[in-house]
Amino acid sequence: MGEQTSRQAGERAGERAGERTGEQAGVPAESALARAWAELVATARRTATEGLVVGTSGNVSVRVGDIVLVTPSGVPYDRLAPHDAVGVDLDGRRMLGELAPTSELPLHLALYRATSARAVVHTHAVHATAVSTLVQELPPIHYMTMALGGPVRVAPYALYGTAELAENMLAALRERTGCLLRNHGTVTYGDTLDQAYDRTAQLEWMCRLWLTATSVPGHTPTLLTPDQLADVERQLRGYGQRPGPAR
Ligand SMILES: [Zn+2]
């Protein structure tokens, strides 16, 4: 599909969004919804092509105004088209589209209600999920853990799609932008889809690093101390304040 065709298709999705949502206060512009949906589909496809999910086992969402666009349940990401946009309000009421939203919708909505999240990525990435079965918290083996707010916690197990799982996740995410779900997978959020995606990729990488280091017989990896982590936090804060192109 060429760029022009793709853009036209995106605009059509926006027109559909407008038809469904009307002109109420808090309803985003049609073009904003179409653009956000296109970005969401691209991010969902990236989780599959980069090996963070198999098939349709993860899900992605993005908040535009008071509408949350989410991947639908059970549709392979490479088949998602502009007119497949699925949108709900913060209480889960359908605002846009006909496909059923992901079964993990409660998890996504809980995050938007409780935090400043604008985008959420949930995966079953293999190394992260393996670590979720081994520890209560990913040991601070690398300074990038501070990019997620500190050592990453593991939320206690609960059945997928339940309010209980969403609650456990919120507790694990206190002062963090990512966590593991025991025997299940990862959740990260951010200001943008790219940021949420990057946090998932970093988390999976750190879990892989820890598994690799701990698998060497007769050796135990060194971990960063609280003082070393505090230094990293200060450095990262400085980095964030440097002028530069927004991403
Ligand atoms: Zn899941």
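**A mixed sheet with helices lying across it**

Helix 2, which spans residues 30-49, lies across strand 1 (59-64), strand 2 (67-70), strand 3 (87-88) and strand 5 (119-123), and its direction makes an angle of about 160° with strand 1. The model shown here is a predicted one, and its protein chain contains 7 helices and 8 strands. Another helix to look for is helix 6 (residues 193-214), which lies across strand 1, strand 5, strand 7 and strand 8 and runs at about 145° to strand 8.

The strands that these helices cross belong to a sheet, and it helps to trace that sheet from one edge to the other. Strands of a sheet pair through backbone hydrogen bonds, in either a parallel or an antiparallel manner. Here the sheet is open, has 8 strands in the order 4-3-2-1-5-8-7-6, and shows mixed pairing. Strand 4 (94-96) and strand 6 (154-155) stand at the edges with a single partner strand each, so one side of each has no neighbour in the sheet.

Where does strand 5 find its partners? Strand 5 runs antiparallel to strand 1, to which 4 bridges join it, and V60 has V121 of strand 5 as its bridge partner. Strand 5 is also joined to strand 8 by 5 bridges, again in the antiparallel sense, with Y189 in strand 8 as the bridge partner of V120. Strand 8 (residues 185-190) pairs in turn with strand 7 (residues 178-181) through 4 bridges, antiparallel as well, and in this pair L180 is matched with T186 of strand 8.

Is strand 5 mostly covered or mostly open? Strand 5 is mostly covered, since 5 of its 5 residues are buried. Its side chains can be followed in two sets, with A119, V121 and T123 pointing one way and V120 and H122 the other way, all of them buried. For the protein chain as a whole, 40% of the 247 residues count as buried.

Helix 5 (residues 163-172) offers a contrasting picture, for its buried residues are L165, A166, N168, M169 and A172. These residues cover an arc of only 165° around the axis, and therefore they lie on the same side of helix 5. They pack against helix 3 (105-114), strand 6, strand 7 and strand 8, whereas the face turned away from the buried side carries the exposed residues A163 and A171.

A last figure describes how the chain folds back on itself: among contacts between residues at least 6 apart in sequence, 64% join residues that are at least 24 apart.

Conventions
Residues are numbered from 1 along each chain as its sequence is written. This is a predicted model: local features need pLDDT of at least 70, side-chain atom pairs count only at pLDDT 80 or more; totals for chains, interfaces and linings use all residues. Two strands pair if DSSP finds at least two bridges between them. Two residues are in contact if their C-beta atoms, placed from the backbone, lie within 7 Å. Axes are lines fitted to C-alpha atoms, for helices over the stretch in contact, and angles run from 0 to 180 degrees between N-to-C directions. A residue is buried if 20 or more other C-beta atoms lie within 10 Å of its own, exposed if 12 or fewer, and partly exposed in between; C-beta atoms are placed from the backbone. The arc is that of the directions from the helix axis to the C-beta atoms.
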